[in-house]
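Here are some short exercises to work through with the model open beside you. Try each task yourself before reading its solution.

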Amino acid sequence: MDNDVAAGNTTSTLGHLALGLTLLAFGIGSTGVIDNVAASDAAALATWVGGVALFLVGLLALHAGNGGTGTAHAALGAFWFTWGTGAGGSASAEAAGLFLLLWALLALTLTMAAKGSGLFGQGVYGMLFVALLLLGTGALADNGGLAKAGGWIAAVAGLAAWYGATAAVAHWPTSLSRVRRGAPAAG
């Protein structure tokens, strides 16, 4: 999230909150860290919060003239809706892996487009890219370790997006201030 979010860009804040919660649920489910909780258990959240709500927030941002945020949220909304409605279906592991790798390309595009936006912009999209890359490769290679690592990265990305959105609403810090050498710390 950039300074516009901290200044009150509500579509960006709401979008990052929806993305954060969805990524966190999906990531935790993908890790297998909680007994009897799988990524597919996040399908309803992914469909409605990550899919429909995020897509609508993206459309609102586009209407308000914010092309970057609008494109990111609408595209991610389409991803989550598609994943949520298909989770637990009859697709092969190879098809699921290819699906995740194709959407990793979207996350890579968003990462490159968010250049200079810091941890809460480029960082979240970058972690999403790595998570989808690991999850897709893990599905194609039938490697649970890669999928678990992807789940952890998705969960961390979800926490970062959630914190960024919460920080914007609660007026918490979104960057670490640096103390110059030789200058006393502000206090």
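**Exercise 1. Find out how many aromatic pairs this predicted model holds, and classify the pair of phenylalanine 26 and tryptophan 83.**

Solution. Start with the count: searching the whole structure gives eight aromatic pairs. Next, take the geometry of the chosen pair. The ring centres of phenylalanine 26 and tryptophan 83 are 4.9 Å apart, and their planes meet at 85°, so this pair is edge-to-face. Then place the two partners. Phenylalanine 26 belongs to helix H2 (residues 10-31) and tryptophan 83 to helix H4 (residues 67-86), so their pairing ties together parts 57 residues apart in sequence. Finally, check accessibility: phenylalanine 26 counts as buried at 4% relative accessibility, and tryptophan 83 is buried too, with a relative accessible area of 12%.

**Exercise 2. Classify the pair of phenylalanine 99 and tryptophan 103, and say which cluster contains these residues.**

Solution. Begin with the numbers: the distance is 6.1 Å centre to centre, with 55° between the planes. An angle that is neither under 30 degrees nor over 60 counts as tilted, and tilted is how this pair is classed. Now look at the sequence spacing. Phenylalanine 99 and tryptophan 103 are four residues apart in helix H5 (residues 93-113), so about one helical turn separates them. As a reminder, an α-helix has 3.6 residues a turn, so residues three or four places apart point the same way. Phenylalanine 99 counts as partly exposed, at 23% relative accessibility. To finish, join up the rings: Phe26, Phe79, Trp80, Trp83, Phe99 and Trp103 make one aromatic cluster.

**Exercise 3. Describe the surroundings of threonine 22: is the residue buried or exposed, and what does its side chain reach?**

Solution. First locate threonine 22, which is found in helix H2. Its relative accessibility is 1%, so threonine 22 counts as buried. Then follow the side chain of threonine 22, which reaches the backbone nitrogen of glycine 50 at 3.2 Å. Lastly, list the contacts, leaving aside neighbours within four places in sequence: threonine 22 touches Leu45, Ala46, Val49, Gly50 and Trp80.

**Exercise 4. Test whether the span of helix H3 agrees with its number of residues, and find where H3 bends.**

Solution. Helix H3 (residues 43-63) has 21 residues, which at 1.5 Å a residue should span 30 Å. The end C-alpha atoms of H3 are 28 Å apart, which agrees. Moving along the helix, you will find a bend of about 25° at leucine 54. Leucine 54 is also one of the buried residues of H3, which include Gly50, Gly51 and Gly58 as well. As for what covers these buried residues, H2 and H4 are among the elements that do so. Just past the end of H3, glycine 65 adopts a positive phi of about 90°.

Now use H3 to look back at H2. Leucine 14 sits in helix H2 and is partly exposed, at 48% relative accessibility. Between the C-alpha atoms of leucine 14 and glycine 58 there are 9.8 Å, although the two residues are 44 residues apart along the chain.

**Exercise 5. Decide where confidence in the protein chain is lowest and where it is highest.**

Solution. Take the overall picture first: the chain has a mean pLDDT of 89, and 88% of its residues reach 70 or more. Then compare the elements. Confidence is lowest in helix H1 (residues 3-6), with a mean of 40, and highest in H5, with 96. Over residues 1-8 the pLDDT is below 50, and this stretch has 15 contacts in the model beyond near neighbours in sequence.

Technical notes
Residues numbered from 1 in each chain as written. Predicted model: local features only at pLDDT ≥ 70, side-chain atom pairs only at ≥ 80, totals over all residues. Heavy atoms only, no water. Phe/Tyr/Trp six-rings, centres within 6.5 Å; stacked < 30°, edge-to-face > 60°. Helix = DSSP H or I, 4+ residues; strand = E, 2+ residues; numbered from the N terminus. Buried < 20%, exposed > 50% of the residue type's maximum accessible area, 1.4 Å probe, protein only. Polar contact = N/O pair within 3.5 Å; in protein donor to acceptor, adjacent residues only side chain to side chain. Contact = heavy atoms within 4.5 Å. Expected span 1.5 Å × (residues − 1). Bend = angle between axes of the 7 residues up to and from the residue. pLDDT = per-residue confidence, 0-100.
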